[in-house]
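Biologist: Could we go through this model together? I would like to hear the reasoning behind each label.

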Amino acid sequence: MSTKAMTIEGKAVLVTGANRGLGQALVEEALRRGATRVYAGTRRPLVHPDERVTPLTLDVTDPNQVQRAAEKVGSLDILINNAGVSLPDALSDRAALEQHLAVNLFGTWGVTEAFLPLLMRTGGAVVNVVSVAALAAVPVLPAYSISKAAVFSLSQSLRALLFSLSQSLRALFAGRGVNVHAVMAGPIDTDMVRGLDIPKTSPEAVARGIFDGVERGEEEIFPDPMSETMAESWRTGAVKALERQNAALVAARPVAA
Ligand SMILES: NC(=O)c1ccc[n+]([C@@H]2O[C@H](COP(=O)([O-])OP(=O)(O)OC[C@H]3O[C@@H](n4cnc5c(N)ncnc54)[C@H](OP(=O)(O)O)[C@@H]3O)[C@@H](O)[C@H]2O)c1
């Protein structure tokens with residue numbers, strides 16, 4: 001598999017959960033890097049002073065809103081699935097697990113499915129904001145950790161599928177496959193972990209790390225000092241090697257167009 005480098009300048013970017021926390025910082029960083037259009041997906045109305053920002057009403061768990069948002073966006077280069085929830089729960093709490101999966105997994109997948117046709121047209125990128133909790137569960141946040149492990153697995157499957165598709169339909173794609181990036185972030189200083197007394201990185205610095213990773217074409221992006229300590233061993237490690245082996249199996253099979 002290969003992931004191409006890509007600049008943010010001149011691109012159309014959509015960020016879900018864009019009204020606060022990391023999402024808000026991603027909107028500002030995309031504008032700073034010269035994005036021509038930034039679609040800001042939010043559950044409540046948003047006003048932004050920059051005319052390049054187009055607000056979109058977008059609860060990622062609402063299929064009608066997702067569909068309407070996709071109809072409003074003419075062209076898209078980068079979809080950032082940032083919207084997420086993390087609520088205190090116990091492993092025995094099935095409702096909490098379903099709630100986390102509804103937003104963090106099915107929300108991410110629903111939005112991705114709706115915007116994939118636009119991204120395939122531009123040869124763009126899907127950026128899933130995952131978490132280091134996908135790699136090692138945070139025991140006090142079991143449902144959150146499960147949902148992030150699931151969205152990481154989704155990112156791997158989507159990456160392999162899109163790569164295989166671009167190989168099968170080379171003439172159509174002409175080297176313009178869709179990148180899939182998984183952001184393996186450590187603790188970020190937002191409302192989500194406000195109550196935790198642990199070292200955190202500012203959302204602005206994490207947003208810069210994410211776009212640096214997209215611009216460099218990194219499949220897994222480790223955007224902060226805590227997660228960065230894992231980057232080197234991850235890229236040369238057994239799990240990444242296994243992902244490539246698995247992807248090669250998919251690539252060897254003919255794909256129905
Ligand atoms: N903070 C961390 O330590 C950390 C670490 C690793 C990864 N992450 C990930 O980073 C992403 C952003 O989190 P954050 O730290 O910025 O958290 P945050 O400050 O709590 O913001 C969460 C954002 O997601 C939105 N959201 C929640 N449910 C939604 C839904 N159903 N539809 C649309 N938007 C929804 C929220 O909108 P409302 O304002 O309407 O609620 C808000 O904009 C999440 O995916 C999170 O899992 C965070």
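Modeller: Happy to. A good place to begin is S86, which touches L141, Y144 and M192 when residues up to four places away in sequence are left out. Please keep in mind that this is a predicted model.

Biologist: What makes L141, Y144 and M192 count as touching S86?

Modeller: The test is a C-beta distance within 7 Å. L141, Y144 and M192 pass it with S86. As for its place in the chain, S86 sits in the loop between β4 and α3.

Biologist: Why is S86 called buried?

Modeller: The label needs 20 or more other C-beta atoms within 10 Å. S86 has 21 of them, so S86 counts as buried.

Biologist: And how do you know whether F222 is buried or exposed?

Modeller: By the same kind of count: 20 or more is the mark for buried. F222 has 22 C-beta neighbours inside 10 Å and therefore counts as buried. F222 lies in the loop between β7 and α7 (225–235), and its contacts beyond four places in sequence are M184, S227, E228, M230 and A231.

Biologist: How far apart are F222 and S86 in sequence and in space?

Modeller: They are separated by 136 residues in sequence and by 20 Å from C-alpha to C-alpha. For S86 and A40, the figures are 46 residues and 21 Å.

Biologist: Let's turn to the sheet. In what order do the strands come?

Modeller: There are seven strands in an open sheet, ordered β3-β2-β1-β4-β5-β6-β7, with parallel pairing. β3 (53–57) and β7 have a single partner strand each, so they stand at the edges and one side of each lacks a neighbour in the sheet.

Biologist: What makes β1 and β4 a pair?

Modeller: At least two bridges are needed for strands to pair. β1 (residues 12–16) and β4 are joined by three bridges and run parallel, so the requirement of at least two is met. V13 has I78 as its bridge partner in β4, and V15 has I80. On the β2 side, five bridges join β1 to β2, again parallel, and V13 is partnered there by V38.

Biologist: How many bridges are there between β4 and β5, and between β5 and β6?

Modeller: Four bridges link β4 with β5 (residues 125–129) in the parallel sense, among them L79 with V126; N81 stands opposite N128. β5 and β6 pair over five bridges, also parallel, and V126 has V180 as its partner in β6.

Biologist: What about β6 and β7, and how does the chain get from one to the other?

Modeller: Two bridges join β6 to β7 (residues 220–221), which run parallel, so the pair meets the minimum of two. V183 stands opposite I221. The chain crosses from β6 through helix α6 (residues 203–216) to β7, and this β-α-β crossover is left-handed.

Biologist: Which hand does the unit of β1, α1 and β2 have?

Modeller: That β-α-β unit is right-handed. Its helix, α1, lies across β1, β2 (37–42), β3, β4 and β5, at about 170 degrees to β1.

Biologist: Why do you describe β6 as largely enclosed?

Modeller: Five of the five residues of β6 (residues 179–183) are buried, so the rest of the structure largely encloses this strand. N179, H181 and V183 point one way, while V180 and A182 point the other way. That fits the general pattern: side chains in a regular strand alternate between the two faces of the sheet.

Biologist: What makes you say that both faces of β4 are covered?

Modeller: In β4 (residues 78–81), I78 and I80 on one side and L79 and N81 on the other are all buried. β1 is covered on both faces too, by the buried residues A12, L14 and T16 on one side and V13 and V15 on the other.

Biologist: Finally, which residues come closest to the ligand, and which helix gives the most to its shell?

Modeller: The ligand is surrounded by 29 residues, and the closest are G17, G21, A83, G84 and T190. α1 (21–32) and α3 each supply at least two shell residues, with α1 giving the most, three. By class, the shell has 12 nonpolar, 12 polar and five charged residues.

Note on methods:
Residues are numbered from 1 along each chain as its sequence is written. This is a predicted model: local features need pLDDT of at least 70, side-chain atom pairs count only at pLDDT 80 or more; totals for chains, interfaces and linings use all residues. A residue is buried if 20 or more other C-beta atoms lie within 10 Å of its own, exposed if 12 or fewer, and partly exposed in between; C-beta atoms are placed from the backbone. A residue is near a molecule or strand if its C-beta atom, placed from the backbone, lies within 6 Å of it. Ala, Val, Leu, Ile, Met, Phe, Trp, Tyr, Cys and Pro count as nonpolar, Asp, Glu, Lys and Arg as charged, and the others, Gly among them, as polar. A crossover is right-handed if, with the strands pointing away from the viewer, the path from the first strand over the helix to the second runs clockwise. Two residues are in contact if their C-beta atoms, placed from the backbone, lie within 7 Å. Axes are lines fitted to C-alpha atoms, for helices over the stretch in contact, and angles run from 0 to 180 degrees between N-to-C directions.
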